[in-house]
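Biologist: Could you give me a close look at a single part of this model, the disulfides and whatever packs around them? Take your time and walk me through it in one go.

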Amino acid sequence: MTKILSILIILGIVFSVSAEAANSTSFEMFLFETFWPQTICPTSDRDSSCWLNPCTNSFTIHGNWPENSDRSYPENCGGTSWDENLIMDLYNDLIVNWPDYNSSEGKDGCNSSFIDAKKTHHVDYLWEHEFNKHGTCAIAGDPDVFGDEHDYMSETLYLLQVLNLEGMMNQAGYTAGDSDLVYDDVMDQLANLYGSKVSLKCQSNELFGINACFDLNLNMIDCSDDIISSDYSTCKSHKDAISWPAIVY
C-alpha cells in the first residue's frame, strides 16, 4: 500500500511539473516570420482565394512569436482581450505590412478608413488571432518590452522596418525577379550583413520568406540550428536555384 501511494505521489509530481511546463509563459527569444507577397499570393490566385493590397511592395509580417530555440513555445496566455480601438492609429501600416492575404482588407487603398473597412471586411481578424495566440504571451513573459496590445503590434511593425529585408537582399546583390539564388550563398551574405544568422523558407522553388530571431530585449541574434534546419527542409530540393519572383499586381 505504501509503495502504491509513493508511486501515485511521484506521478502526481510529474503530472504537476508537466502541466506547469505546458502552461508556462516563459520563453527564450522571439521568432519573427515574414512572407514574400508574390509567393504567398501568386497572380493566378488573385480575386479568388488570395488578395494583395496594391500598396504592399515588400516582405510582410507573418508573426512575431515568443519561442524557444527547440521550437517549443507558449500560446494563448490570456490576461488581456483584443481591442481594435487600441491600434486604430496603426491601421494603414498594418494593412500594408501585416496583411491577411485571405481577406480583402484595405481593398480601397492604403488610406481607407479603419472604421469603414472594419464594418465591411472585418480587417482585424488576423491581427486578433496573432495577438491572442502570441501577443498575450509576449506581454505575460516580457512586460518590460511589451506593455500592452499597442506595444506588441507597433514594435512588431518596427522590427520589420529595422530588418529592411528587401534592402538587405538588394545590398547582397539580389533583385526580385532573380531565379538563380543559391541557398548557402544567400544565408552567408545575409549573416554577414546582419551580423546574425537568419533563416530562409521556400515554397517549391520560390522564396517564401526570410525569418529572423531576437532576444528578449529585441536585439537581433542568431536563429537556432533547429529553426534554420526546419526552414531549410522547405528549400533543400531547389537549394541551388531558388526563384525570388517579382511582385505583379
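**Disulfides and the helices beside them**

Modeller: Let's start with a twist: the link of Cys202 and Cys235 is right-handed, with 100° about the S-S bond. Cys202 sits in strand β3 (residues 199-203) and Cys235 in the segment after α9 (225-232), so this pair ties together parts that are 33 residues apart in sequence. Keep in mind that we're looking at a predicted model. In it, the sulfur atoms of Cys202 and Cys235 are 2.0 Å apart. What about burial? Cys202 counts as buried because its relative accessibility, 7%, is under the 20% cut-off. Cys235 is buried too, at 1%.

Now hop over to the link between Cys213 and Cys223, where the S to S distance is 2.2 Å. This one is right-handed as well, with 105° about the S-S bond. Cys213 belongs to strand β4 (residues 206-214), while Cys223 is in the loop between β5 (220-221) and α9, so the parts tied together here are ten residues apart in sequence. Cys213 is buried at 0% relative accessibility, and Cys223 is buried at 3%.

The count of disulfides in the model comes to four. One of them joins Cys41 and Cys50, with the sulfur atoms 2.2 Å apart. Both ends are tucked away: Cys41 is buried with a relative accessible area of 0%, and Cys50 counts as buried at 6%.

Back to α9, since both of the links I began with have an end in a segment beside this helix. Which residues of α9 are buried? They are Ile227, Ile228 and Asp231. Looking down the axis of α9, you'd find these buried residues within an arc of 95°, so they line one face of the helix. What do they pack against? Their partners are β1 (29-35), α8 (183-194), β3 and β4. Two of those should ring a bell: β3 holds Cys202 and β4 holds Cys213.

That brings us to α8. With twelve residues at 1.5 Å a residue, α8 should span 16 Å, and its end C-alpha atoms are indeed 16 Å apart, so the two values agree. The buried residues of α8 are Tyr183, Val186, Met187, Leu190 and Tyr194. These cover an arc of only 100° around the axis, which puts them on the same side of α8. They pack against α6 (149-163), α7 (165-171), β3, β4, β5 and α9. Right after α8 comes Gly195, with a positive phi near 80°.

Leu190 leads on to the core. The largest nonpolar core has 63 residues, and Leu190 is among those touching the most other members, along with Trp127, Met153, Met169 and Ile210. Let's follow Ile210 for a moment. Leaving out residues up to four places away in sequence, Ile210 touches Phe32, Thr34, Phe59, Leu165, Met169, Leu190, Val198, Ser199 and Leu200. Two of these contacts, Met169 and Leu190, are themselves on that list of residues touching the most other core members.

To pull it together: the Cys202 to Cys235 link has one end in β3 and the other in the segment after α9, the Cys213 to Cys223 link has one end in β4 and the other in the loop between β5 and α9, and the buried residues of α9 pack against β3 and β4 as well as β1 and α8.

Definitions and conventions
Residues numbered from 1 in each chain as written. Predicted model: local features only at pLDDT ≥ 70, side-chain atom pairs only at ≥ 80, totals over all residues. Heavy atoms only, no water. Core = buried A, V, L, I, M, F, W, Y, C linked by side-chain atoms within 4.5 Å. Buried < 20%, exposed > 50% of the residue type's maximum accessible area, 1.4 Å probe, protein only. Contact = heavy atoms within 4.5 Å. Disulfide = S-S within 2.5 Å. Helix = DSSP H or I, 4+ residues; strand = E, 2+ residues; numbered from the N terminus. Arc of directions from axis to C-beta. Expected span 1.5 Å × (residues − 1).
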